[in-house]
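Biologist: Could you take a close look at one part of this model for me, the place where the two chains meet? I'd like a connected walk through it rather than a list.

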Amino acid sequence: MTGWLATILIFLPLGGALFVWLLPVGRLAGSFALLVALAEVGFWINALTKMDFDRTSSTPNFDQHTVWFSDLHVSYHVGFYAFSFWLAGLAVVVLAAAIAYGYWVGRDRPRAYFGLMLFLTSAVVGVFSSQDLLLFYVFFEAMMIPLYVLIGVWGGPGRLGATVKFVIYTMAGSLLMLAAVIVFGLSKNSFDLVSTGPSNSTWLFLGFAIAFAVKAPLFPLHGWLPDAYRESSPEVAAVLSGVISKAAIFGFARICVVKFPGPFDDFRNVILALAAVGLVYGSLLAFRAPDIRGVIAYSSLAQMGLITIGIFAFNIASVSGAILQSVNHGLLSATLFLLAGTIERRTSTGSLSRLGGMARGRPALATALMATGIIALAVPGSSAFAGEFLILAGVFSSGWGWAVVGAVGMVLAAMYMLRLISAVLHTKPGSAVPEAALDLRPAELGILVPLIACLLVLSAWPAGISDRVIRNSRDFPAFTKLKP
Amino acid sequence: MINTPSVDWFALSPSLVALGAAAICLLSAVLAPRWLLRPFAAFVCALGFVGGLVMASLVYWRSPDAHLIVADAASRDRFAAVAQLIVMASGLLTVGVSYSARMREDHIGEYYALLATAVAGMAFLVQAGNLMTLFLGLEWFSVCLYILCAIEVDLVGSLEAGLKYLIIGGMGSAVLLFGSALVYGSTGELGFSEIANATRAHDLAADPILLVGLAMILAGLAFKASAAPFHMWTPDVYDGAPTPVTGFMAAATKTVALVLALRLLSVAFPEKHDLWTIAVAFLACTSLAWGNLAALVQRRVKRLLAYSSISHAGFMLIAVAAANQLGTRALLYYLIPYSAISIGAFAVVAARERELGETVTIENLAGFGWERPVLGAAMFTFMLGFAGFPLTGGFMGKFLIFSAASQRGWNWLVLVGVAATLVSLYYYLAVIRAMYMRPAAELGLAPIGGSPPREVLLTSAVVAAMIVNVGAFFAIQPLVDLTRTAAKVLPL
């Protein structure tokens with residue numbers, strides 16, 4: 001059964017989705033979906049215990065390979081390399097938390113809603129495990145379907161505009177990628193990611209890179225981000241910023257860096273520069289944002305810039321740091337978005353000018369937001385500090401200028417996170433904060449505490465991940481060229 | 001005494017079975033009692049299509065080698081058999097969609113008879129082996145469709161649609177006929193492969209008469225396939241015709257026109273290969289551009305789907321322009337989910353039309369997805385299929401078509417297709433947005449009360465189309481295997 005773990009992780013939620021859609025489960029849909037999501041986490045932990053991080057073969061863990069369409073050599077090929085395994089773990093944990101949050105809030109039309117959330121889980125895990133280019137594209141696009149509906153149906157008042165923007169932006173990128181996928185696959189006469197060699201085509205590289213740059217997003221392709229993050233329901237925003245953006249990181253690492261070594265060298269400084277601009281610009285916007293979601297959304301832009309810097313600096317320290325920071329950022333922004341959701345439920349606004357003083361009499365909320373915020377601003381000793389430090393240390397070897405920009409980003413992060421914390425928790429009680437607004441309920445704690453616990457564990461032991469990204473560079477052949 | 005050629009009745013059986021069903025339907029119009037007429041005619045018609053499906057499968061199975069039959073006028077091969085399977089299945093789905101349509105009682109029998117006759121003509125057309133059978137088959141089904149478009153004389157626009165289709169379709173046929181005459185005048189041959197041989201033997205490749213003839217034949221077929229710039233009848237006719245007929249036309253007419261275009265071009269004009277691939281690529285690009293851009297501003301769903309069908313003619317013409325084995329397989333494969341989702345999408349429109357009693361627009365689709373979950377979910381997958389999202393056959397079809405163009409070395413055509421897909425997303429997703437994301441209250445409809453009409457056959461047809469659409473994605477290998485031997489028939 002070990003060989004089947006990747007397949008199980010992909011298809012278990014899909015089966016759950018079909019179950020919810022096809023059978024008249026009614027209000028039970030939520031509890032069923034939660035059960036499936038928890039089982040998914042269980043399977044991932046099971047896979048973690050069986051994962052071989054010291055693997056010397058170039059095939060991924062839990063490798064499974066079946067011919068799907070022989071004419072063009074398309075196959076169902078899945079498996080996990082160490083770095084993608086962590087991203088998948090992040091995905092299942094955050095999605096479980098999101099489903100739990102949706103269940104607690106009690107979304108309308110539960111069968112459609114929870115079916116879509118489970119479908120999304122499948123697609124995301126599929127993205128992180130696919131080892132065939134067309135399969136990757138299929139999962140990458142399949143993510144869009146539930147996201148479109150989740151934002152468009154259960155989102156805020158401006159949701160229709162937000163979905164159009166979101167879809168047009170991301171599809172423009174991914175359709176270019178489809179052209180690149182086809183040309184790449186036909187030129188190699190195979191779509192398999194493990195067995196195909198590198199290509200030197202600049203156009204193909206750009207086709208992929210733009211798609212991922214939109215998805216991440218990288219400056220200046222982030223136009224869809226503020227609307228999508230503001231208008232979706234908090235748990236969907238958590239998934240969007242925490243998990244979906246990491247599909248771009250996977251794409252950068254698995255395709256852009258590995259399959260296009262030549263163009264990668266040519267464009268490396270361009271992408272590093274864009275990412276650095278995004279880091280500073282996003283941080284500044286986050287500092288100026290008028291509402292909680294705006295702060296988190298733009299901080300995501302900044303953080304994705306930093307992670308991209310880590311991938312494109314391309315040495316052992318920076319890539320390990322980038323993967324660690326991906327997990328950190330996923331957990332952090334998911335927690336923050338869910339916290340934003342709990343605050344908005346109590347005050348029916350996210351506007352910072354109408355919030356304030358929520359710490360008094362609400363110790364659990366204050367502690368949760370404080371702990372998350374402090375980790376997010378990368379205080380020394382936190383997991384985010386470890387991740388960012390690794391990235392900066394790694395990127396230093398590519399040029400000290402990049403490291404300076406990164407350090408500026410860390411300072412700015414402290415500014416906007418502290419502003420967020422004080423605007424929500426401290427100062428005078430805001431006009432929108434009712435006296436009777438409750439502290440976090442046990443159910444909300446049940447959702448948030450595991451996420452924060454993950455962050456605390458990583459803070460205590462960041463090497464748990466960063467040491468297991470490139471333990472043995474032969475695990476992932478592309479990393480053999482990494483410099484220490 | 002004229003020598004009659006030996007007739008391979010078995011190879012013609014798909015057409016003949018459908019014709020037989022048409023005859024019984026026509027008789028039942030006079031002989032059957034009123035209460036029995038509708039179920040009986042529909043049942044006989046459906047039975048005819050099932051019979052046609054069986055016979056076409058048998059012909060497919062028993063014809064591993066392609067050869068010409070009936071004095072070389074028709075061909076018996078797997079290429080035609082696959083197209084016949086698609087047409088028969090389209091007809092079958094259309095019966096399901098038509099069954100509960102509000103129809104004047106005095107022409108129920110004729111409706112099904114015409115439907116079966118049209119399908120028989122299409123099945124005959126895809127077998128055409130010379131220019132005469134081509135024209136015969138084309139007129140055979142076209143005349144049936146002219147009447148079917150106008151059959152709802154009470155419906156506003158139906159008669160107008162029929163008339164428009166008649167005049168412009170007649171124009172297209174005339175162009176095709178004139179082109180055939182020129183080709184015959186130049187080569188002295190009618191048979192597809194004889195034309196190619198004569199061109200080669202007499203070195204006619206540069207003959208201007210042959211060239212003009214080829215262009216006119218291509219234009220005539222482009223009329224039928226509703227490829228731009230020969231598409232102007234499409235939106236009006238699709239909009240005015242009874243919705244089940246529209247769905248049938250979108251699926252089956254396009255299938256036969258494209259399949260036949262590929263057969264004719266590749267068999268009869270291999271010497272002009274460089275020329276017609278460019279011409280077809282031009283048609284593809286204009287169809288993609290015009291269909292998608294015009295669809296953006298449509299409010300009426302039937303017109304929107306009409307423009308979408310023009311753009312899909314463009315996508316499938318890319319496969320024709322690729323002119324290779326992969327392109328042929330891509331075309332035949334794409335036609336399977338495309339036909340299913342065309343009929344399915346128009347069926348959903350028909351259901352909404354019956355519910356509201358007025359023209360379906362993007363606005364009055366509001367809330368439809370939640371009110372009719374099965375039809376809504378099906379429409380959702382149809383729109384994703386049209387737009388080419390994964391988990392639908394539409395995605396795999398586009399993947400194959402783009403691969404074929406890339407294999408030919410025309411990556412620019414891939415980029416055109418990709419750009420067209422991006423534009424098309426806007427209006428396909430607008431339908432989904434209307435169905436699910438706008439509350440029905442915005443509509444301001446007076447609640448009539450009671451549950452929506454139960455249309456078992458229509459719903460089953462829609463569900464079947466949905467299964468084909470999603471199934472084609474996962475089962476791409478067996479379907480392409482089915483088309484592989486069919487594609488080998490063509491000398492590409």
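Modeller: Here is the contact between the chains, followed by a bit of background on chain A.

Keep in mind that this is a predicted model. Overall, 23 residues of chain A are in contact with 23 residues of chain B. On the chain A side, the elements that put in two or more residues are β1 (61-69), α5 (133-142), α6 (144-154) and α7. The largest share, eleven residues, comes from α7(A). As for chemistry, the side of chain A that touches chain B breaks down into 19 nonpolar, two polar and two charged residues.

So let's zoom in on that helix. α7 of chain A covers residues 159-188, and it packs on helix α17 of chain B, residues 411-437, with the axes 10 Å apart and an angle of about 150°. Anything over 145 degrees counts as roughly antiparallel, and therefore α7(A) and α17(B) are roughly antiparallel to each other. As for handedness, the crossing of α7(A) past α17(B) is right-handed.

Who does the touching? From α7(A) you get Leu160(A), Val167(A), Met171(A), Ala172(A), Leu175(A), Leu176(A), Leu178(A), Ala179(A), Ile182(A) and Val183(A). Facing them from α17(B) are Asn411(B), Val414(B), Leu415(B), Val418(B), Thr421(B), Leu422(B), Leu425(B), Leu429(B), Arg433(B) and Met437(B). Sort the residues of this helix pair by type and you have 17 nonpolar, two polar and one charged. The polar ones are Asn411(B) and Thr421(B), and the charged one is Arg433(B).

Now step back to the chain that carries α7(A). Chain A has 18 helices and two strands. Its C-alpha trace spans about 65 × 60 × 40 Å along the principal axes. A compact globule of 484 residues would have a radius of gyration near 23 Å, and chain A, at 21 Å, agrees with that. Of those 484 residues, 61% count as buried. If you take the contacts in chain A with a separation of 6 or more, 81% of them are between residues 24 or more positions apart.

One last spot in chain A is Leu438(A), which sits in the loop between α16 (400-425) and α17 (442-460) of that chain. Leu438(A) has 14 other C-beta atoms within 10 Å, so it comes out as partly exposed. Its C-alpha atom is separated by 40 Å from that of Phe83(A), a residue 355 positions away along the chain.

Key:
Residues are numbered from 1 along each chain as its sequence is written. Chains are lettered from A and ligands numbered from 1 in the order in which they are written. This is a predicted model: local features need pLDDT of at least 70, side-chain atom pairs count only at pLDDT 80 or more; totals for chains, interfaces and linings use all residues. Axes are lines fitted to C-alpha atoms, for helices over the stretch in contact, and angles run from 0 to 180 degrees between N-to-C directions. Helices (H or I, at least four residues) and strands (E, at least two) are DSSP runs, numbered from the N terminus. Angles under 35 degrees count as roughly parallel, over 145 as roughly antiparallel, 65 to 115 as roughly perpendicular and the rest as oblique. A crossing is left-handed if the near helix is turned anticlockwise from the far one by less than a right angle, and right-handed if clockwise. Two residues are in contact if their C-beta atoms, placed from the backbone, lie within 7 Å. The radius of gyration is taken over C-alpha atoms; the globule rule is 2.2 Å times the number of residues to the power 0.38. A residue is buried if 20 or more other C-beta atoms lie within 10 Å of its own, exposed if 12 or fewer, and partly exposed in between; C-beta atoms are placed from the backbone.
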